[in-house]
Amino acid sequence: MAPLIALLCTFILAVLALRWRALRRGASRPDLRLAGRIAMAAMLVLSGSAHFVSTEAFVAMVPPLLPAPAFWVYLTGVAELAFAAALLLWPRPWLGWALAALFVALLPANIYAALAGVGYGQHTAAYLWFRVPLQALFIAWALASTGVLALGRRDALATGNQQRSHRAV
């Protein structure tokens, strides 16, 4: 639940801060993609760091099919921290797809943990099952905040205009 709370709370704070910045610059609205990337980066720093602080709990979630479970826990922790930095420094559509692929790759560990009744600390199987559809939210968030998915009518129109201009060239 902590990743979801971090994501939503950071998003709200980022929207408020960016709204204030937009008003000071005479813009009408904040950059929601930037707020989304800031929130996703904060969530990834939180969860990526947890891989190093609570390694044993994450090791228990690794399916027995994979050798050297601690290796996978550290690798995914490093990947989450690297993605957090990349979201803020190099926001590109390919990054959204790569982050979505990471979330898909983590899904079997969440399913295994829920089925086996093992998992992050004292959390119940219900919490672990809740994490499965939560991955879909994280995937959509990664794709929307990096420009792969349109956020609204204005984005959809801009995306359509960009596609038409690329076809004309």
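**View 1. The whole chain, end to end.** From the N terminus on, how do the elements of the protein chain run? They go α-α-α-α-α-α-α, so to speak a roll call of seven helices and zero strands, where helices (H or I, at least four residues) and strands (E, at least two) are DSSP runs numbered from the N terminus. This is a predicted model, in which local features need pLDDT of at least 70, side-chain atom pairs count only at pLDDT 80 or more, and totals for chains, interfaces and linings use all residues. Residues are numbered from 1 along each chain as its sequence is written, and side-chain values use heavy atoms, with hydrogens and water left out.**View 2. The largest pocket.** Here we look into a pocket, meaning an open set of points on a 1 Å grid over the protein atoms alone, where a 1.4 Å probe fits, with protein on both sides within 12 Å along at least five of seven lines. Its volume is about 590 Å³, counted as the space filled by probe spheres set on the points, which are joined across faces, edges and corners.

**View 3. The lining of that pocket.** The largest pocket is lined by 31 residues, each with an atom within 4 Å of a point. His51, Phe58, Glu80, Leu106 and Arg131 lie nearest its centre. Among the elements giving two or more residues to the lining are α1 (2–25) and α6 (125–145), but α5 gives the most, with seven.

**View 4. Ala17 on its helix.** Ala17 sits in helix α1. Is this residue buried, partly exposed or exposed? Ala17 is partly exposed, with a relative accessible area of 45%; buried means under 20%, exposed over 50%, and partly exposed in between (1.4 Å probe, protein chains only). The C-alpha atoms of Ala17 and Ala35 are 8.9 Å apart, and the two residues are 18 apart along the chain.
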